[in-house]
Amino acid sequence: EAGEAEAEEVNALCFTAGAAGLLLVLAPASQQVELRWLSVVLGVARRRLRLASADECVDLFGAVPGRVPPVPLRAGVRVLCHPSLGECAELWGSSGDPLHILRVQSPRVALPHLAAAAARGLAPGEPAFAWLPPPGVWHGSLDDALDSMAAAAEAMWRDAATRQRPHSQRPGLVSETASGYLKQQQLQAPNLGDGGSDGDSDGGSGGGVVAPELGLVVDSSLSVLARKLRMVGVDTRVAGEVIKGQQPAGGEGQGSPALSPAAAAEAAAANGGGAEAVRGGGRSAARRNVGLLRVGIVPSLFDEHMRSAALEGRLIVMNAGAKRAAGALPGAAYRLLATDASAQFAELLAVLELSGLVDAGGSRCGICNGDEWQTLRPDEVEAGQVPHAVLRVQPVFYRCGACMQMFWPGDKYESTMDGLRAEGRDVPPRRAGTAGVAWRPPVPSAPARPPTEDRRRPPKTGTLHSTMRMKFSLDE
């Protein structure tokens, strides 16, 4: 087919992976398989994943090492395939016989069929074949992630300086034409922070710059920081976060999300009630789930969200007091030094070299992190989505195309954005480490004092040091 790569040699690697079973991993012969990445894909501990021994290759996989064909020969073997192999017109590899090779044409179609035809001994419903995610987007170290972010940021600013696409082609942004229209109508761009709710006049965002493709996933304790980053256009997920209306109903401990403490406090303040009223009972129980009341945390989803985000190439951001070791995380991680949301916001923008986003005007939905925006006139707003008092006076509304949260212009937007600009410009020095270990700027040390006479050790005879001292009469 057009656009397909030429014939590629394929390696078939035999793995045992604990609960994940027996795996036949197909990869280009020119590339190595990163075992830590593969363990993240499988969701198993790295220590559980290992290459099969020579005896296991024969007994469990049916071939000697170095001659394993790219199809399963024994029962209970699953096939996992590198995505680039599906782009080739033809693959060739071992047939199990040293005198012959196996050629596979149209591997995107043929490999799944070959694996399914040979599948035996797998659990019901367990697929015999699966394509692996692209390994190139995953970052195993913080240095790799920061280098990728820096390159993406450079490309972003270069693109913003050379061209502007229409608003309809750049979700989440207000183009120059739309911005001019808003100025003529004395309007503000939508607030994409906490979301409009009854009695609220949030507004938020606009601009003409898209944040780099390398996104973030933050610990659930950093939900306030996540909303700040979203308001300036940084793609930021919160591990364990769900939108209540999009989750199945159930009791506590049965999958229903518990409102995060930060979201509960902010929602309580907005609604004039305490945290108890927000969590249930009282007058707040009868209110619709709007704004931050729609946001909840499901603790059981934390690890899965972290794992999937890391495989997408997202940088993991942890709280300064997080107890989990960096090595236990599924990808590159940065551990914050600051402890309050405002300082964390400034620190992270500085580390990622994105401080300019506070003036760029881009934004994402503060509720769900979506970036698909719909501009509505008052007659296009469905009944009950906006308070009647607001609907009568506002000429334009904005709706998130992902979670359908409504936003409208208001004084809160300007004050919120002014605060974010002030925080983002209060930039600390660049701080970064590797493998999630926080790096602190070195503290200038006082000049070393020469040792006192009674603490000075006599030089050992025969050493270069003592020889040089005798040569230059330093002991006299």
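Q: Which residue of β15 does T375 stand opposite?
A: In this predicted model, β14 and β15 (residues 397-400) pair in the antiparallel sense. Four bridges link the two strands. Across this pairing, the β15 residue opposite T375 is Y398.

Q: Which strands stand at the edges of the sheet β14-β15-β16, and why is one side of each left without a neighbour?
A: The three strands form an open sheet with antiparallel pairing, in the order β14-β15-β16. An edge strand here has a single partner strand, so one side of it has no neighbour in the sheet. The strands in that position are β14 (373-376) and β16 (406-407).

Q: How many of the eight residues of helix α1 are buried?
A: Buried means under 20% relative accessible area. In α1 (residues 35-42), W37, L38, S39, V40, V41 and L42 meet that cut-off. The helix is therefore mostly covered, and the count of buried residues is six.

Q: Which elements do the buried residues of α1 pack against?
A: The buried residues of α1 include W37 and L42. The packing partners comprise three strands and one helix: β1 (8-16), β2 (22-28), β4 (77-81) and α9 (302-311).

Q: Which residue caps the N-terminal end of α1?
A: The cap involves a side-chain oxygen and the backbone nitrogen of R36. These two atoms lie 3.2 Å apart. The residue that supplies the oxygen is E34.

Q: What percentage of the residues of the protein count as buried?
A: The protein has 13 helices and 16 strands. Its accessible surface comes to about 24300 Å². Of its 476 residues, the buried share is 45%.

Terms used: Residues are numbered from 1 along each chain as its sequence is written. This is a predicted model: local features need pLDDT of at least 70, side-chain atom pairs count only at pLDDT 80 or more; totals for chains, interfaces and linings use all residues. Side-chain values use heavy atoms; hydrogens and water are left out. Buried means under 20% relative accessible area, exposed over 50%, partly exposed in between (1.4 Å probe, protein chains only). Contact means heavy atoms within 4.5 Å. A polar contact is a pair of N or O atoms within 3.5 Å; within protein, one must be able to donate a hydrogen and the other to accept it, and residues adjacent in sequence count only if both atoms are side-chain atoms. Two strands pair if DSSP finds at least two bridges between them. Accessible areas come from the Shrake-Rupley method with a 1.4 Å probe; for residues, only the protein chains shown count as cover.
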